[in-house]
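Work through the exercises below with the model open beside you. Try each task before you read its solution.

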Amino acid sequence: MQSSTELETAAAQQGLFSEVSAAEVPASLSDITAVAVDEVVEGNFTFRANALVNYPFAQSVLLTDPFGYRTAPVAQFHDAQDFGAAAGTPIQAIADGTVLEAGFASDGCGFGLKLEHDIDGKEVTSRYCHMQDASHTYKVGDVLKMGDLVGKVGATGMAFGAHLHMAVRVDDEPVDPMPFLAKYSRVDRDAQKVTTRGETSPAPTVGTPVPGER
């Protein structure tokens, strides 16, 4: 069993790993940004080759720590969704994007990747943490397509076991990845319009489906 000193040290290190600073932590759960969906977000999902946005795995995997406040393994605001996939499981880009960060990060993320996307007229980033060392060779500025391999599940950085920690930010605000993925995975890549917050707006141009695309 860990001592109180060890737990305090782990908490401090985990705090470095969060993309949310202490000043950004909401005063109440009602202040947390989310993406509205019309239906309940289920724990399972299906990869759709023609979707604007997809889940980070081709098949459903166990969902573990969700977005929000948590008390274990350390008390903190968890600004991501954790996926309990087995070590070595391929991780895919959730949408077309450009690499912002690649390789080892010093904040506890371990070996990871961060992508920038233009989705529904918004600046979106997706960050993939704790991947296996050298499971990708991308560099800043590289362009990826939705479904491209971004790396493999590992336990690098501040991780208590193999899993993917995926953080999503919309217009530089942390959001719960699951409602976001549920909403935009239902929108086709070649759709002309998407609806956000009850308003209809032109869909972003994100590329044309490629024959044989996964």
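Contact here means heavy atoms within 4.5 Å. Keep in mind that this is a predicted model.

**Exercise 1. Place threonine 125 and list its contacts beyond four places in sequence.**

Solution.
- Step 1: Find the element. Threonine 125 sits in strand S7, residues 122-131.
- Step 2: Check its cover. The relative accessible area of threonine 125 is 14%. Buried means under 20%, so threonine 125 is buried.
- Step 3: Set aside the neighbours within four places in sequence. Threonine 125 then touches Leu100, Lys114, Leu115, Glu116, His117, Ala167, Val168 and Arg169.

**Exercise 2. Follow one of those partners, arginine 169. Is arginine 169 buried or exposed, and what does its side chain reach?**

Solution.
- Step 1: Locate arginine 169. It belongs to strand S10, which covers residues 164-170.
- Step 2: Read its accessibility. The value for arginine 169 is 6%, so this residue counts as buried.
- Step 3: Follow the side chain. It reaches the backbone oxygen of aspartate 172 at 2.7 Å.

**Exercise 3. Find the disulfide and describe it.**

Solution.
- Step 1: Search the whole structure. One disulfide turns up.
- Step 2: Name the partners. Cysteine 109 is joined to cysteine 129, with an S to S distance of 2.0 Å.
- Step 3: Recall what such a link is. A disulfide is a covalent bond between the sulfur atoms of two cysteines.
- Step 4: Place both ends. Cysteine 109 lies in the loop between strand S5 (97-105) and strand S6 (110-119), and cysteine 129 lies in strand S7, so the pair ties together parts that are 20 residues apart in sequence.
- Step 5: Find the handedness. The torsion about the S-S bond of cysteine 109 and cysteine 129 is about -100°, so the disulfide is left-handed.
- Step 6: Check the cover. Both cysteine 109 and cysteine 129 are buried.

**Exercise 4. How many residues of helix H2 are buried, and what happens at the start of H2?**

Solution.
- Step 1: Count. Helix H2 spans residues 177-184, and eight of its eight residues are buried. Among them are Phe180, Lys183 and Tyr184.
- Step 2: Look at the start of H2. A side-chain oxygen of aspartate 176 comes to within 3.1 Å of the backbone nitrogen of methionine 178.

**Exercise 5. Decide where to read the model with care.**

Solution.
- Step 1: Take the overall score. The protein has an average pLDDT of 75, and 63% of the residues score at least 70.
- Step 2: Find low stretches. Residues 1-17 stay under 50, with 23 contacts beyond four places in sequence in the model. Residues 24-42 are also below 50, and this stretch has 31 contacts beyond near neighbours in sequence.
- Step 3: Conclude. Where pLDDT is low, the predicted coordinates should not be read in detail.

Technical notes:
Residues numbered from 1 in each chain as written. Predicted model: local features only at pLDDT ≥ 70, side-chain atom pairs only at ≥ 80, totals over all residues. Heavy atoms only, no water. Helix = DSSP H or I, 4+ residues; strand = E, 2+ residues; numbered from the N terminus. Buried < 20%, exposed > 50% of the residue type's maximum accessible area, 1.4 Å probe, protein only. Polar contact = N/O pair within 3.5 Å; in protein donor to acceptor, adjacent residues only side chain to side chain. pLDDT = per-residue confidence, 0-100. Disulfide = S-S within 2.5 Å.
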